[in-house]
Amino acid sequence: MGRKSFTKSDAQLKGDSRYGSKLVSKFINCLMLDGKKSVAERVFYNAMDIVGRRIKDAPPLEIFEAAMGNVKPNVEVRSKRVGGSNYQVPMQVNRKRQQSLAIRWVLQSLRGKSGKSTADFLAQEICDAYRNEGGAMTTRDNVHRMAEANKAFSHFAW
């Protein structure tokens, strides 16, 4: 039996207050710590204001969406046990998981830094991802490189 195409939480997710985007709303929810959504919203919107000042050729929402699109992985490796051995098998990533991984990698990259405000680091990470640079893009490139190196085991992906 196949899985449902969307869960109840996807249907309940509404767009954010400033842009009306579900991607932004999902990102803010993942950015939130200890249930403090207003703090997460303030950090995100401050970061978007900074992004708007740094990159003037497009609106901040388009820059954010393009950055998240750049970070999304096409393939990933999954561990598969075959005949007593574990193989790292490259597999295609579905759209929903691509988005989840992209959000996770951006947040992981910005939370690993210290010194300035979170909004500054988030703005920097979004700008870097827009230019195909930064910590989240490095993680994505490592995943793609790993999948390329293990292409010989792709016949185990059934």
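## A tour of rings and charges

Select Phe 27 to begin: its relative accessible area is 0%, so this residue is buried. The model on your screen is a predicted one.

**Stop 1: the rings around Phe 27**

Keep Phe 27 selected and add Phe 44. Both Phe 27 and Phe 44 are buried. Before looking at the rings together, note how such contacts are reported: a pair of aromatic rings is described by the distance of the centres and the angle of the planes. How many aromatic pairs does a search of the whole structure find? The search finds five. One of them is formed by Phe 27 and Phe 44, a tilted pair with 5.6 Å from centre to centre and 50° between the planes. Colour the helices to see where the two rings come from: Phe 27 belongs to helix H2 (residues 22-31) and Phe 44 to helix H3 (residues 37-54). The pair links distant parts of the chain, 17 residues apart.

Now add Phe 64 to the selection. Phe 27 and Phe 64 make an edge-to-face pair, with centres 5.2 Å apart and 80° between the planes. The angle explains the label, because planes over 60 degrees apart count as edge-to-face. Phe 64 sits in helix H4 (residues 60-71), and with Phe 27 in helix H2 the pair links distant parts of the chain, 37 residues apart. Is Phe 64 buried or exposed? Phe 64 counts as buried because its relative accessibility is 0%.

To finish this stop, select Tyr 19 and Tyr 45 as well. Ring pairs link Tyr 19, Phe 27, Phe 44, Tyr 45 and Phe 64 into a cluster.

**Stop 2: Arg 18 and Asp 49**

Clear the rings and turn to charged side chains. The whole structure holds six salt bridges, according to a search. Select Arg 18 and Asp 49, which form one with their closest N and O atoms 3.0 Å apart. Arg 18 lies in the loop between helix H1 (8-12) and H2, while Asp 49 is in helix H3, so the salt bridge ties together parts that are 31 residues apart in sequence. Arg 18 counts as partly exposed at 42% relative accessibility, and Asp 49 counts as partly exposed at 34%.

**Stop 3: Arg 78 and Glu 76**

Next, select Arg 78 and Glu 76. Their salt bridge has its closest N and O atoms 3.3 Å apart. Arg 78 is partly exposed, at 40% relative accessibility, whereas Glu 76 is buried, at 8%.

**Stop 4: Glu 125 and Lys 113**

Move to Glu 125 and Lys 113, another salt bridge, in which the closest N and O atoms are 3.3 Å apart. This pair links distant parts of the chain: Glu 125 is in helix H6 and Lys 113 in the loop between H5 and H6, twelve residues apart. Glu 125 counts as buried at 1% relative accessibility, while Lys 113 is partly exposed at 33%. Then go back to Glu 76 and Arg 78 and add Arg 97: salt bridges that share partners join these three residues into one network.

**Stop 5: a patch of positive charge**

Last, show the surface and select Arg 53, Arg 54, Lys 56 and Lys 116. What do these residues form on the surface? They gather in a patch of positive charge. To place Lys 116, look at the loop between helix H5 (95-111) and helix H6 (118-130), where Lys 116 is found.

Technical notes:
Residues numbered from 1 in each chain as written. Predicted model: local features only at pLDDT ≥ 70, side-chain atom pairs only at ≥ 80, totals over all residues. Heavy atoms only, no water. Patch = residues over 30% accessible without salt bridge, like charges linked within 9 Å, V, L, I, M, F, W, Y side chains within 5 Å. Areas by Shrake-Rupley, 256 points an atom, 1.4 Å probe, with all protein chains shown as cover. Salt bridge = Lys/Arg side-chain N within 4 Å of Asp/Glu carboxyl O. Lys, Arg positive; Asp, Glu negative; His and termini not counted. Charge placed at Lys NZ, Arg CZ, Asp CG, Glu CD. Helix = DSSP H or I, 4+ residues; strand = E, 2+ residues; numbered from the N terminus. Phe/Tyr/Trp six-rings, centres within 6.5 Å; stacked < 30°, edge-to-face > 60°. Buried < 20%, exposed > 50% of the residue type's maximum accessible area, 1.4 Å probe, protein only.
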